[in-house]
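Subject: Handing over a structure, with notes

Dear colleague,

I am passing this structure on to you, and below it you will find notes on what was found in it. Please keep the structure open while you read, so that each residue can be looked up as it is named.

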Amino acid sequence: MLPNLDLDFNDGIQFDFELEEQPSRTFNIDFRNKRINGQIDGLDAVMQSVELIMMVERYKWLIYSWRYGVELQNLIGKDPGFVIAEVERRVTEALMQDDRIERVYNFEYEINGSELYFTINVDSIFGRFTYESKEVKFE
């Protein structure tokens, strides 16, 4: 039998460090011309981060942490209703890994043949923006 200990790990412990918020400054990726074009910060950096997260299939590439990217590839061939429900859950889970993102909401869907497109609103610590997806194939 294990003893029943009521421990408060913050009780009486003094930490000799402070958590610092990391800057969001990063390189500006020009996706159209496939170039790095200076640096960006704030809302632009978060918008670029969302674009990059949505471009990476989670668990597929060893170079990325398992917390990075979104799982959409295994939705191919599934029922459109299931795909819509899963896209909302998976996209929200993927984007909330970025600590600058506070909320992902207002999913709007458009089905065009076997492709699903969606639009979402994202609230970040720097402001709000709308993201429009690339296609998600479900057949």
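The largest pocket is lined by 18 residues, and those lying nearest its centre are Met54, Met55, Glu57, Leu72 and Glu135. Its volume comes to about 470 Å³. Helix 1 and strand 6 (136-137) each supply at least two residues of that lining, and the largest share, three residues, comes from helix 1. Please bear in mind, here and in everything that follows, that this is a predicted model.

For the overall layout, the protein chain has two helices and six strands, which follow one another along the sequence in the pattern β-β-α-α-β-β-β-β. Of its 139 residues, 32% count as buried. Among the contacts in the chain with a separation of 6 or more, 33% are between residues 24 or more positions apart.

Helix 1, which runs over residues 43-55, is a good place to begin a closer look. With 13 residues, helix 1 reaches 19 Å from its first C-alpha to its last, close to the 18 Å expected at 1.5 Å a residue. Its buried residues are Ala45, Val46, Gln48, Ser49, Val50, Glu51, Ile53 and Met54, and these pack against strand 1 (26-30), strand 2 (35-40), helix 2, strand 3, strand 4 and strand 5.

Two residues of helix 1 may be set side by side. Serine 49 is found in this helix, and serine 49 counts as buried because its relative accessible area is 12%, where buried means under 20%. Leaving aside residues up to four places away in sequence, serine 49 touches Tyr68, Asp98 and Arg100. Methionine 47 also has its place in helix 1, but methionine 47 counts as partly exposed, because its relative accessibility of 34% falls between the 20% and 50% cut-offs. The C-alpha atoms of methionine 47 and serine 124 are separated by 9.3 Å, although the two residues are 77 residues apart along the chain.

Helix 2, covering residues 80-95, has 16 residues and reaches 22 Å from its first C-alpha to its last, close to the 22 Å expected at 1.5 Å a residue. At the start of helix 2, a side-chain oxygen of aspartate 79 reaches to within 3.1 Å of the backbone nitrogen of glycine 81. The buried residues of this helix are Val83, Glu86, Val87, Arg90, Val91, Ala94 and Leu95. When you look at that list, it may help to recall that an α-helix has 3.6 residues a turn, so residues three or four places apart point the same way.

Which residues touch the most other members of the largest nonpolar core? Of the 22 residues in this core, they are Met54, Val87, Val91, Leu95, Phe118 and Ile120. The elements that give two or more residues to the core are helix 1, helix 2, strand 3 (101-112), strand 4 (115-124) and strand 5 (127-132), and helix 2 gives the most, with five residues. Valine 91 can serve as an example, since you can find its neighbours one by one: not counting residues up to four places away in sequence, valine 91 touches Met54, Val70, Phe107, Phe118 and Ile120. Met54 is worth locating for yourself, as this residue is named both in the core and in the lining of the largest pocket.

With best wishes

Notes:
Residues are numbered from 1 along each chain as its sequence is written. This is a predicted model: local features need pLDDT of at least 70, side-chain atom pairs count only at pLDDT 80 or more; totals for chains, interfaces and linings use all residues. Side-chain values use heavy atoms; hydrogens and water are left out. A nonpolar core is a set of buried Ala, Val, Leu, Ile, Met, Phe, Trp, Tyr and Cys residues joined through side-chain atoms within 4.5 Å. Buried means under 20% relative accessible area, exposed over 50%, partly exposed in between (1.4 Å probe, protein chains only). Helices (H or I, at least four residues) and strands (E, at least two) are DSSP runs, numbered from the N terminus. Contact means heavy atoms within 4.5 Å. The expected span of a helix is 1.5 Å times one less than its number of residues. A polar contact is a pair of N or O atoms within 3.5 Å; within protein, one must be able to donate a hydrogen and the other to accept it, and residues adjacent in sequence count only if both atoms are side-chain atoms. On a 1 Å grid over the protein atoms alone, a cavity is a set of points where a 1.4 Å probe fits but cannot get out, and a pocket is an open set with protein on both sides within 12 Å along at least five of seven lines; lining residues have an atom within 4 Å of a point. Grid points are joined across faces, edges and corners, and a volume is the space filled by probe spheres set on the points.
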